[in-house]
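Hello,

Here is the structure I promised to pass on. Have a look at it first, and my notes follow underneath.

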Amino acid sequence: MTGFAARFDTPVRPGAPPRTKPLLNAAQTEVALQLLTFVALAGFVLLHWYGVVQHPPVGSALKLLVVCVAGGTGLVLTASPRLPLPAARAARVAIVLGMAVLALLATGLPAHYLKPHRWGSFGDHLNHGLLIAQAATYPYKGGDPWTRLTLLLNGAAFLVPATALAFWPVKRHARELRTASLVLLIVLYGMSLAERSPNGQVGRGFVLLLLIAAWLWLPRISTHDLGAASFAVLTVALVAMPVAVALDSSSGWLNYRNWRVLGQTAGVNYQWNHSYGPINWPRRGTTLLYMQANRPYYWKAETLDDFDDREWLRTSADQSVSAASELPPTPNRKWFQQVKVTVAGMRGNQVIGAGTPQSVSSAAGDAELNGDGTVTAIDHQLHDGENYTVSTYVPEPSAAQLRTDAQPYEGYFGIYTKFLLPVNTPGAPHGVVPARIDPGLWRSAGSGDPVAGKLMLHSPYTPMYRLAKRIAAHSTSAYDVVRKVERYLNSNRFAYDERPPVRTYPLEAFLFKDHRGYCQQFSGTMALMLRMVGIPARVATGFAPGTPQTDAPGVYRVRDFDAHSWVEVYFTGIGWVTFDPTPAISPASSQNDDATGGTTADARKPPSLPGARGLGEGDRAVTGGVASPGGSTLSWWMVPLALLALIVAGLVGWRVRRAMVRARLLTPDERAVEELRAALSRMGTSPDRGLTLTEVERLLERRAGPEAAGYARKLREYRYGANGGGLPGRGERRALRRALARAARPFGLIKALRTLPPLHF
């Protein structure tokens, strides 16, 4: 027996092809696996984040992933020893900066915003987008391109630093940087689920677990531990899935949405009179109310019935008027509704409802119902958990019904056409004296003050009066005037801005000088212009419809972002009808782009604004997505899962093919020797190829016991003995597997099953 024949080394069959050099060495293979697993995980997370907008642009996401892969590859290459350290450091900084710029462009930002002189404009647009995004319902369906782009850019804001941390070439803290990169990706994934709850969350969590495990272990795990690790991860996932389903509930264990870092607050209270300065009411996203109704309405708190020459405010003029006094002569029975209210963080004594409330359940305590729709609790403040029901009248007429309503106005409604204006008076303090203006009711001969027009022409509000008269002159009905004024304010002449300048006459300045403001400016201006031409109008304050709750149909969550004011116009045969001239991109309106909520039947469309109507000169809105013929969005979240499956399938196929090629070159006893050597290696004992089978037998007896040693002894006797014994059979193989399982900890059984599977070919 030659020394070679007795060695624990698989003989090389004469004429066998020489072993080819691997395409990649160990270090290059690890980097390649890092890139592949990072792309799979980052793609899964990014496409989830892109789901916060309707019709997510998958092409943009793929471009961003390509940028990150290129940047990560570049960072790895800077670790080359041939590159001087100062040059390597400079190259890394340049790569990260270049990656950030390309990520912005890949996401859809027009290139001219990267020029230094456009940074201020870019920042303003981002601030605008963030403002709208804070109060939006997800997935975002609004028409404002900067809100959409701001949401998408958040993906790049997380992916670029995550890539830099994952592939920054360091030795001492590489694990910490990879962990920080993983944390960024998980945070982005969690953010994508914070406001929207897609279907199949357990399955998504299963995929996320597999991707995290691949990112953490696949590049570094040894080949012989790959099967055991995969089995362990799959086992944990399969155990966790039914547990997650059992723990899933429509109500969370902890009500984290209303936590307060500094303790519980006393709730949110409002002063509803207009002021027109920069917004100073709370904007923290606090939940105030839950409203349940047959459709989304504008939720009224107070009616502002008078203009005092500068601002709209509430007076006590109609507190003695009954709740039914301002209903039309023959109300439409279909427009009587019930609204159920649950108080969360709202405070004050205003009983929130909709339309013109006619009664309030006793659960709200004693309440005073005024004819203008304001309901006030008597000796009572709203508190958390309070529930009450409001029976109310909310007209929902069509445009045709409003246009053909030609019934004359009753004299009573003249109170909603009067207002105070400063009239230019020589010798008076500040040159003006407030005067009560009574223009009379629309097309009602003999009503009003004959000198009202002359007084308005001698007022700082003269330009507004002339504009209102010009609009009314070419209108055939009160509704036509209302719609023309609303469309005028909804045009590109005006921009939504929550920090307008403070002016002596805010509404006049808004209309002809500043051209920017928020709901107070828009609603106040519209109501005043309508009164100037004799159409009964008033300002209503309260909240926009809010966010529909997917787990409770018909329930709307109202937050402090939804605080709003709008206009109510009276039509004799219909009643008070809601109109909202504020741009649909405002935080309150953005909650409900598709709902009219008590407005006329022809819903207002989201308008375009200067500085927000597009992305800039020659720009286009970010669009995209993959849609099926039926119009539904493709299950894009499965793309990274398919990519990971291809990676795993490719690795498994490569391993199987290599094993089959090698097996064809070996005899049965040679395959048994090779399997024993591989088994020892996978179990954590890497035998020296110079060991004899006798030495392997002793090694197994020492580490795994006599059963394992018996397998090696029988194999040795078959190869080199003269007694004619056979190869180890299934019994000896099972004994070897049991012995190795006992000896290898942890996961001994898993490793043993993977090393010596029951099915042996």
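Gln337 has Thr392 in β10 as its bridge partner. The two strands involved, β5 and β10 (residues 387-393), are antiparallel and share seven bridges; strands here are DSSP runs of E with at least two residues, helices are runs of H or I with at least four, and both are numbered from the N terminus. Two strands count as paired when DSSP finds at least two bridges between them.

Before I go on, a word on the source: this is a predicted model, in which local features need pLDDT of at least 70 and side-chain atom pairs count only at pLDDT 80 or more, while totals for chains, interfaces and linings use all residues. Residues are numbered from 1 along each chain as its sequence is written, and side-chain values use heavy atoms, with hydrogens and water left out.

Back to β5 (residues 336-343), where the side chains alternate. Gln337, Val339, Val341 and Val343 point to one face and are buried, while Phe336, Gln338, Lys340 and Thr342 point to the other and are not. Buried means under 20% relative accessible area, exposed means over 50%, and partly exposed is in between (1.4 Å probe, protein chains only). This pattern fits a general rule: in a regular strand, side chains alternate between the two faces of the sheet.

β5 also pairs with β1, antiparallel, over four bridges, and there Tyr290 stands opposite Thr342. Strand β1 (residues 287-292) is in turn joined by five bridges to the antiparallel strand β17 (residues 555-559), with Met291 opposite Tyr556. Put together, these strands belong to an open, antiparallel sheet of six in the order β7-β10-β5-β1-β17-β16. Its edges are β7 (356-360) and β16 (547-548), each of which pairs on one side only.

There is also an open sheet of five strands, again with antiparallel pairing, in the order β6-β2-β15-β18-β19. Here β6 (353-354) and β19 (575-579) are the edge strands, pairing on one side only. β19 is linked to β18 (residues 563-571) by five antiparallel bridges, and Glu568 faces Thr578 across that pair.

Now for a helix. Does α6 (residues 145-167) have the length one would expect, or what separates its ends? Its 23 residues should span 33 Å at 1.5 Å a residue, and the end C-alpha atoms are 33 Å apart, which agrees; the expected span is 1.5 Å times one less than the number of residues. Of those 23 residues, 20 are buried, so α6 is mostly covered.The largest nonpolar core has 56 residues, and Leu530, Met532, Ile535 and Phe571 touch the most other members. Such a core is a set of buried Ala, Val, Leu, Ile, Met, Phe, Trp, Tyr and Cys residues joined through side-chain atoms within 4.5 Å. A second, separate core of 46 residues includes Leu35, Ala40, Ala61 and Ala162.

The count of disulfides is zero, a disulfide being a pair of cysteine sulfur atoms within 2.5 Å. Cys68 is buried, with a relative accessible area of 1%, and Cys519 is buried at 4%.

For the protein overall, there are 21 helices and 19 strands, and 49% of the 761 residues count as buried.

Best wishes
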